[in-house]
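Ready for a bit of pencil-and-paper structure reading? Have a look at the model below, then work through the exercises.

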Amino acid sequence: MNGPVYVHDLDGLAAHARSIRAALPSRVELLYAVKANPDPDVLQTLAPVVDGFETASRGELRRMAEVLPGRAPAAFAGPGKTAEDLAAALAAGVDRIHVESPAELRRLGALAVAGGTPARVLLRVNLPVEAPGASLIMGGRPSPFGMDPTDAVECARHPPPGVEVRGVHAHLASGLDAPLAGAVAAAVVRWAVAEVDAAEVDVGGGMAVDYADPAARFDWVGYGRALANVLDAHPGLRLRVEPGRSVTAYCGAYLAEVIDVKRSHGEWFVVVAGGTHHLRTPAAKGHPQPFTVHRRQDADGPRTDGGPVTVVGQLCTPKDVLSRSATAGPIGVGDVLLFAMAGAYAWNISHRDFLLHDPPAFRTGDPEQVAADWAARPARS
Ligand SMILES: *Cc1c(COP(=O)(O)O)cnc(C)c1O
């Protein structure tokens, strides 16, 4: 059975993460946002490279305890935390809890008082930040995430019993390029130090990943220079970043075999054994997932004419589209499609039970090699 498979390139992930770590000033703490991909192999690969992990649910706390026992998460976040969630974070010894509202701060304080140990928190602020040179303002609009600046100032000046407010957390936007991310970080730190006398700032994640250009990478060196300038201006500051997508997106590939090709009212469709119930990223982000074709060596079935195709999966819904208008040369039944950039917000955000198809397999290694070996095997009869 040639079923779909996720392949994680752990060597590539380790090398990429090391290059990120090396590009940032040593004083900047690099956290990985577990929600991007909580795969145990991924967490274990990142563990020796990153300074910590940002978690945002009790499930992620459990995953961390299972995969990396004894390593307390660096941060616990999320827009809606129950008393059970907060108690679990305190019990796990999480370094910093990111608090999203004044009511949550009071709830956390009461739990910490009952437990006898103060909770160390960063206040998540929804701060309007103007990007220099761009007519763009990030943050500062109505949002379920974080608190208004005036509330944060009030919480910092008059914290409830049981909490120590150490500083500020902001995660204002995603898809930021390095100049923009650097400008946002500088603005957040300026505000945090001036308005709440912050000793610590976590400037969030959201570093850009360009699905239209699989070879492109966020400019970590340029971003590192911007953060070095921030630290020069605030020598005593503890500074954290918490990227997710830009760390793991490139380390995962989803491989699926073509089961049918057909022309429908003038357009070519390629149907793979798999779909967006395994790889929801293109449906969630509204982009064509980049892919390459590994031609089945003994293929003798129908092929497309080499023009644009729409690649779909096995779900009975028109939304099950992995790629639209892609030109990748002729594609035939039995070929193996390698969907790249499937290492973040991929399997873990997918609606895996829709239509109750089998789950994909998972393995580690070089995705190109796995696809080449697969395409060299005899086609299914
Ligand atoms: C999702 C999230 C991140 C990671 O964002 P990426 O775009 O994956 O880098 C970091 N911090 C917070 C608070 C988040 O919600």
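**Exercise 1.** In this predicted model, find how far apart the centres of domain 1 and domain 2 are, and say how many residues each brings to the contact.

*Solution.* Start with the C-alpha atoms: the centres of domain 1 and domain 2 sit 37 Å apart. Next, go to the contact itself, where domain 1 puts in seven residues and domain 2 puts in eight. For bookkeeping, domain 1 covers 74-243 and domain 2 covers 250-376.

**Exercise 2.** Work out how much area is buried between domain 1 and domain 2, and which three residues of domain 1 supply the most of its share.

*Solution.* First, the total: about 640 Å² is buried between the two domains, with 69% of it from carbon and sulfur atoms. Then look at the domain 1 side, where Tyr211, Pro214 and Arg217 account for 81% of the area buried against domain 2, more than any other three residues. Sort the touching residues of domain 1 by type and you get five nonpolar, no polar and two charged. Finally, check the pairings: there are zero salt bridges across the interface, and one residue pair is in polar contact.

**Exercise 3.** Which residues come nearest to the ligand, and how much of the ligand does the protein bury?

*Solution.* Of 13 residues around the ligand, the nearest are Lys35, Gly206, Glu242, Arg245 and Tyr345. Now take some distances to ligand oxygen atoms. A polar side-chain atom of Tyr345 is 2.5 Å from one. Backbone N or O atoms also take part: one of Gly206 lies at 2.8 Å, and one of Gly244 at 2.9 Å. Last step: the ligand alone exposes 390 Å², and the protein buries 89% of that.

How values were computed. Residues are numbered from 1 along each chain as its sequence is written. This is a predicted model: local features need pLDDT of at least 70, side-chain atom pairs count only at pLDDT 80 or more; totals for chains, interfaces and linings use all residues. Side-chain values use heavy atoms; hydrogens and water are left out. Domain bounds come from an automatic or database domain assignment. Contact means heavy atoms within 4.5 Å. Buried area is the accessible area (1.4 Å probe) that two parts lose on being put together, summed over both. A salt bridge is a side-chain nitrogen of Lys or Arg within 4 Å of a carboxyl oxygen of Asp or Glu. A polar contact is a pair of N or O atoms within 3.5 Å; within protein, one must be able to donate a hydrogen and the other to accept it, and residues adjacent in sequence count only if both atoms are side-chain atoms. Ala, Val, Leu, Ile, Met, Phe, Trp, Tyr, Cys and Pro count as nonpolar, Asp, Glu, Lys and Arg as charged, and the others, Gly among them, as polar. A residue is near a molecule or strand if one of its heavy atoms lies within 4 Å of it. Accessible areas come from the Shrake-Rupley method with a 1.4 Å probe; for residues, only the protein chains shown count as cover.
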